[in-house]
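Let's take a walk through this protein, starting with one helix and then stepping back to see the rest. Keep the model open and turn it as you read.

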Amino acid sequence: MGAEVVVVHPPFRWQRDYARDFVDGIAALEESTGIAFAVENMYPWRASTRRRLEMYLPGRDPSDEPYANTVIDLSHAAIAQDDPVAMAERLGPRLRHIHLTDGSGSAKDEHLVPGRGSAGAAELLHHLVDTGFTGEVVLEINTRRCTTREEREADLRESLEFAREHLSARTRDAVAGS
C-alpha cells in the first residue's frame, strides 16, 4: 500500500506471549520492512473514581520504552490525565504521528472535536510547530452523535480549521515578526 507509518497499540496484560516480545518485535518489524511501527499512548482503565487499572504491557506511555517511533493520541492523554506537551518533550524525535482529537478527562475514549475538551490540543500543536515536527497530524474524531450529514460535516470542518489555525499561526507570526 505504500504506507510509511503503521500505528499500533501496546498489548493488553492478558496477551502475555505477545507482550513479552513486543518491544523487540516492533524493532525487528521496522528493521525487516523499512516501515515505521509507531506505538500509541494508551490510558488506565477506571474501575471506580479512585481505582485505576493498568491494562497494557509493557505500559501505556510509549516514552517509557525505547520505541523508535511513537504516537500521541490526545483523547487517550485526556483519559490518562497526561500532559501531551510533556510527553512530546520526552519522546523528542521519536514522535512521528499525532491523533488530533480532544477529551474531557472522563473515563471514555471520547475523540472530541479539537478544542472542545481539556487535553491541550492547541498547546501540543504549538509545541510541534516550535520544535519543527515533521511527522503526520491526523484528525481522529467521533461523529457518531451527529444526527445529520450537515452536523458531521460541520464537526469535520471545525476540526480541520482548528488544525490549520494552530499549525500555521505560529509560523505566520514568526515570519511577520522577522
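Which residues are exposed on the other side of H2? Before getting there, bear in mind that you are looking at a predicted model. Helix H2 covers residues 22-33, so 12 residues in all by the DSSP runs used here. From its first C-alpha to its last, H2 reaches 16 Å, close to the 16 Å expected at 1.5 Å a residue.

Now roll H2 about its axis. Phe22, Val23, Ile26 and Glu30 are buried. They cover an arc of only 110° around the axis, which puts them on the same side of H2. The background is simple helix geometry: an α-helix has 3.6 residues a turn, so residues three or four places apart point the same way. As for the opening question, the exposed residues on the other side of H2 are Asp24, Glu31 and Ser32.

What do the buried residues of H2 pack against? Their partners are strand E1 (5-8), helix H1 (16-20) and strand E2 (36-40). Carry on just past the end of H2 and you come to Gly34, which takes a positive phi of about 75°.

Next, follow the charges. Side chains of opposite charge can pair when their charged atoms come close. The structure holds seven salt bridges, and a few of them are worth a visit.

Start in helix H1, where the side chains of Asp17 and Arg20 meet in a salt bridge at 3.0 Å, N to O. The two residues are three apart in H1, so about one helical turn separates them. Are these partners buried or exposed? Asp17 has 55% relative accessibility and counts as exposed, and Arg20, at 58%, counts as exposed too.

Glu54 and Arg60 form another salt bridge through their side chains, at 3.2 Å, N to O. Here Glu54 is partly exposed at 36% relative accessibility, whereas Arg60 is buried, with a relative accessible area of 16%. Because buried means under 20% relative accessible area, Arg60 falls within that class.

For a link between distant stretches of sequence, look at Glu158 and Arg116, whose closest N and O atoms are 2.6 Å apart in a salt bridge. Glu158 lies in helix H6 (residues 149-177), while Arg116 sits in the loop between strand E6 (95-100) and helix H5 (121-130), so the pair ties together parts that are 42 residues apart in sequence. Both are partly exposed: Glu158 at 32% relative accessibility and Arg116 with a relative accessible area of 45%. Elsewhere, salt bridges that share partners join Glu54, Arg60 and Asp82 into one network.

Now zoom out to the whole chain. Its secondary structure comes to six helices and seven strands, and from the N terminus on, the elements run β-α-α-β-β-β-β-α-α-β-α-β-α. The C-alpha trace spans about 50 × 40 × 35 Å along its principal axes. With 178 residues, a compact globule would have a radius of gyration near 16 Å, and the 17 Å of this chain agrees with that.

Two more numbers describe the inside of the fold. Buried residues make up 41% of the 178 residues. Among contacts between residues at least 6 apart in sequence, 70% join residues at least 24 apart. On the outside, the accessible surface comes to about 10100 Å², and 50% of it belongs to carbon and sulfur atoms.

Methods: Residues are numbered from 1 along each chain as its sequence is written. This is a predicted model: local features need pLDDT of at least 70, side-chain atom pairs count only at pLDDT 80 or more; totals for chains, interfaces and linings use all residues. Side-chain values use heavy atoms; hydrogens and water are left out. Helices (H or I, at least four residues) and strands (E, at least two) are DSSP runs, numbered from the N terminus. The expected span of a helix is 1.5 Å times one less than its number of residues. Buried means under 20% relative accessible area, exposed over 50%, partly exposed in between (1.4 Å probe, protein chains only). The arc is that of the directions from the helix axis to the C-beta atoms. Contact means heavy atoms within 4.5 Å. A salt bridge is a side-chain nitrogen of Lys or Arg within 4 Å of a carboxyl oxygen of Asp or Glu. The radius of gyration is taken over C-alpha atoms; the globule rule is 2.2 Å times the number of residues to the power 0.38. Accessible areas come from the Shrake-Rupley method with a 1.4 Å probe; for residues, only the protein chains shown count as cover.
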